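The following exercises concern a single protein chain. Each task is followed by a solution that proceeds step by step.

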Amino acid sequence: MRDLNSLWKIGGLLADNNNDGVPDGVNVCICLREDFIPIALIDFCGRLGFETTALSFDFFKESTKYDWRIYFEKNDVETACQIDASGNLVFTYNNGKDLDKLIRYFAHYWPGENLDGLVYKVGFQENEFFAYAIDGKRMHLPIPVTSIEKETEYYPIQSLSDFWDGIGFTKVKEAAPAKETKVGFRFLQPCTSNLIRETCYLAARIGMMSTELHFPLTGSICKDGITIEFIDSKREEEIVFLPNTQILQFKGRSAILPKMVNFFSSSKHYSEGGV
């Protein structure tokens, strides 16, 4: 029987295609309606990429090669994530704000500590999270509190050529076994269905290229890191990096922006034959 505790493991949303015990692909198809745009799905896909060593940008496409499917359903009763009778992962939501909080919880904190038994549902009620076990137990899920922010020196990058340096999302000043990636996503106009998908792919690749990933990726201001902005512009179509503010901007018409993000997500560093 499927268990939410195994979500971020091989056999859950992750695949081990060469049977070496290391996740090397995703095992989920995210079924997203055209008119539905949960921004926190960017965080979720960042975690999805972080947990694996390889990616294909196709997990928003229906495919029989994936064992799991994620659905989103409007529900006036509760905001929750649960495994249904068919083994699908279903997010039900009363409103978009609460749904984003639940999705970010799964991206950042799941699985919770000291959970007893197989968990089939996690609910969000009155700003609190609860896990529901198959044996009937209801367990409160506290949010871990970090009293001291990790002190790491941030090395600003200077140009677009510093992205995708072959070993990470951005070029580092000096070699380090672990470098926390801090990145935030900000939409300066309403997001479209195609743009949220391509942005999720971008977040997944950033996660995969990171040894540590700082959460959240959305819903707050990114400090000491890269801010990625999306700007609907009818006059300009360009990808611009502003070194003084460490902001990466995608500018273009709403129909073009997803293609620009796809180009950037698929790019290689010039040292690897890219541009």
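**Conventions.** This is a predicted model, in which local features need pLDDT of at least 70 and side-chain atom pairs count only at pLDDT 80 or more, whereas totals for chains, interfaces and linings use all residues. Residues are numbered from 1 along each chain as its sequence is written, and side-chain values use heavy atoms, with hydrogens and water left out.

**Exercise 1. Determine how helix H4 is placed relative to the strands, and at what angle to E15.**

Step 1. Helices (H or I, at least four residues) and strands (E, at least two) are DSSP runs, numbered from the N terminus. Helix H4 comprises residues 257-265.

Step 2. H4 lies across strand E13 (226-232), E14 and E15. Contact means heavy atoms within 4.5 Å.

Step 3. The helix runs at about 140 degrees to E15. Axes are lines fitted to C-alpha atoms, for helices over the stretch in contact, and angles run from 0 to 180 degrees between N-to-C directions.

**Exercise 2. Establish the strand order of the four-stranded open sheet and identify its edge strands.**

Step 1. Two strands pair if DSSP finds at least two bridges between them. The resulting order is E11-E13-E15-E14, with mixed pairing.

Step 2. Strand E11 (183-187) and strand E14 (238-242) are the edges, as each pairs on one side only.

Step 3. From one strand to the next, the twist averages 15 degrees.

Step 4. E14 is joined to strand E15 (residues 247-252) by five bridges in the antiparallel sense; within E15, Ile247 is the bridge partner of Leu242.

**Exercise 3. Describe the hairpin formed by E8 and E9, including its turn.**

Step 1. Strand E8 (residues 128-133) pairs with E9 in the antiparallel sense over four bridges. Phe129 stands opposite Leu141 in E9.

Step 2. Four residues separate the two strands, and Gly136 in the turn has a positive phi of about 100 degrees.

Step 3. In a regular strand the side chains alternate between the two faces of the sheet. In strand E9 (residues 138-141), Met139 and Leu141 belong to the covered face, and Arg138 and His140 to the uncovered one.

**Exercise 4. Which parts of the chain does the salt bridge between Glu237 and Arg253 tie together?**

Step 1. A salt bridge is a side-chain nitrogen of Lys or Arg within 4 Å of a carboxyl oxygen of Asp or Glu. The structure holds 13 of them.

Step 2. Glu237 and Arg253 meet at 3.0 Å, N to O. Glu237 lies in the loop between E13 and E14 and Arg253 in the loop between E15 and H4, so the pair connects parts that are 16 residues apart in sequence.

Step 3. Buried means under 20% relative accessible area, exposed over 50%, and partly exposed in between (1.4 Å probe, protein chains only). Glu237, at 48%, is partly exposed, and so is Arg253, at 37%.

Step 4. For comparison, consider two other pairs. Lys65 and Asp58 have their closest N and O atoms 2.9 Å apart, and Asp58 is buried at 18%. In the pair of Asp76 and Lys74, this distance is 3.5 Å; Asp76 is exposed at 64%.

**Exercise 5. Which residues have the most contacts inside the largest nonpolar core?**

Step 1. A nonpolar core is a set of buried Ala, Val, Leu, Ile, Met, Phe, Trp, Tyr and Cys residues joined through side-chain atoms within 4.5 Å. The largest has 76 residues.

Step 2. Those with the most contacts inside this core are Phe59, Phe72, Phe91, Phe106, Trp110, Phe185 and Ile228. Helix H3 (residues 193-208) contributes the most, with eight residues.
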